[in-house]
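This report describes the helices of one protein chain and the residues through which they meet. The reader is invited to consult the sequence and the structure while following the text.

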Amino acid sequence: MVRLMINIVLEIINMLFRLYGFLLIASVILSWERPQRSALTDLLEKLTEPVLAPCRELLRAFFGLLRIDANAFPLDFSPILAILLVETFRKAFFTVIFHFL
């Protein structure tokens, strides 16, 4: 019974990680369209910006080390980095959890 509850909680956590990845993708797609401000777009921005903003800063610092003007790129690579970081964190989290179970 306890094992079943643990599995359910871990599956919910896994689904939340996956959902956040889809939210990041939705944020990218909406940024291409520049929709009118709505409650949905505001919510999406509030949920994704805490991860995307540090990724943007990290990429700016990385490009600065390479002496490349980060503003010269027409594309924002921070969602790619954010998705990679979220997936890496998800895999590391479950590796550690399953190691102790």
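## Helix H2 and its kink

Helix H2 has a kink of about 50° at glutamate 49, shortly before the proline at position 50. The description that follows, like this statement, refers to a predicted model.

The length of H2 can be checked by a simple calculation. At 1.5 Å a residue, its 27 residues should span 39 Å, and the C-alpha atoms at its ends are 38 Å apart, so the two values agree. The buried residues of H2 are Thr41, Leu44, Thr48, Leu52, Cys55, Leu59 and Phe63. These buried residues pack against H1 and H3. After H2 comes arginine 67, whose phi is positive, near 60°.

## Helix H1

The same calculation may be applied to H1. Its 32 residues should span 46 Å at 1.5 Å a residue; the end C-alpha atoms are 47 Å apart, which agrees. Which residues of H1 are buried? They are Leu10, Asn14, Phe17, Tyr20, Gly21, Leu24 and Ser27. The cover over these buried residues includes H2 and H3. H1 is followed by arginine 34, and the phi of this arginine is positive, near 55°.

Serine 31 also lies in helix H1. With a relative accessible area of 34%, serine 31 is partly exposed, because partly exposed residues fall between the limits of 20% and 50%. Serine 31 and isoleucine 13 are 18 residues apart in sequence, and their C-alpha atoms are 27 Å apart in space.

## Helix H3

Helix H3 covers residues 78-100. Its 23 residues should span 33 Å at 1.5 Å a residue, and the end C-alpha atoms are 33 Å apart, which agrees. Within H3, the residues Ser78, Pro79, Leu81, Ala82, Val86, Arg90 and Phe94 are buried. Among the elements that cover them are helix H1 (2-33) and helix H2 (39-65).

Phenylalanine 98 is found in helix H3. At 48% relative accessibility, phenylalanine 98 counts as partly exposed. Phenylalanine 98 and cysteine 55 are 43 residues apart along the chain, and 28 Å separates their C-alpha atoms.

## The packing of H1 and H3

How are H1 and H3 oriented where they pack? The angle between them is about 175°, and their axes are 10 Å apart. That angle makes H1 roughly antiparallel to H3, since angles over 145 degrees are counted in this way. On the H1 side, the contact is made by Leu10, Ile13, Asn14, Phe17, Arg18, Tyr20, Leu24, Ile25 and Val28. On the H3 side, the contact is made by Pro79, Ala82, Ile83, Val86, Glu87, Phe89, Arg90, Phe93, Phe94, Ile97 and Phe98. The residues of this contact divide into 16 nonpolar, 1 polar and 3 charged.

Leucine 10, which lies in helix H1, illustrates this contact in more detail. At 9% relative accessibility, leucine 10 counts as buried, because the limit for a buried residue is under 20%. When its neighbours within four places in sequence are left aside, leucine 10 is in contact with Phe93, Phe94, Ile97, Phe98 and Leu101. Leucine 10 and leucine 75, by contrast, are 65 residues apart in sequence and 35 Å apart in space, C-alpha to C-alpha.

## Two residues between H1 and H2

Serine 27 and threonine 48 offer a view of how H1 and H2 meet. Serine 27 has its place in helix H1 and, at 16% relative accessibility, counts as buried. Neighbours within four places in sequence aside, serine 27 is in contact with Leu44, Thr48 and Leu52. Those three residues also appear in the list of buried residues of H2.

Threonine 48 belongs to helix H2. Is threonine 48 buried or exposed? It is buried, with a relative accessible area of 0%. With neighbours within four places in sequence left aside, threonine 48 is in contact with Tyr20, Leu23, Leu24 and Ser27. Of these partners, Tyr20, Leu24 and Ser27 are themselves listed as buried residues of H1.

Methods
Residues are numbered from 1 along each chain as its sequence is written. This is a predicted model: local features need pLDDT of at least 70, side-chain atom pairs count only at pLDDT 80 or more; totals for chains, interfaces and linings use all residues. Side-chain values use heavy atoms; hydrogens and water are left out. Helices (H or I, at least four residues) and strands (E, at least two) are DSSP runs, numbered from the N terminus. The expected span of a helix is 1.5 Å times one less than its number of residues. Buried means under 20% relative accessible area, exposed over 50%, partly exposed in between (1.4 Å probe, protein chains only). Contact means heavy atoms within 4.5 Å. Axes are lines fitted to C-alpha atoms, for helices over the stretch in contact, and angles run from 0 to 180 degrees between N-to-C directions. Angles under 35 degrees count as roughly parallel, over 145 as roughly antiparallel, 65 to 115 as roughly perpendicular and the rest as oblique. Ala, Val, Leu, Ile, Met, Phe, Trp, Tyr, Cys and Pro count as nonpolar, Asp, Glu, Lys and Arg as charged, and the others, Gly among them, as polar. The bend at a residue is the angle between axes fitted to the seven residues ending there and the seven starting there.
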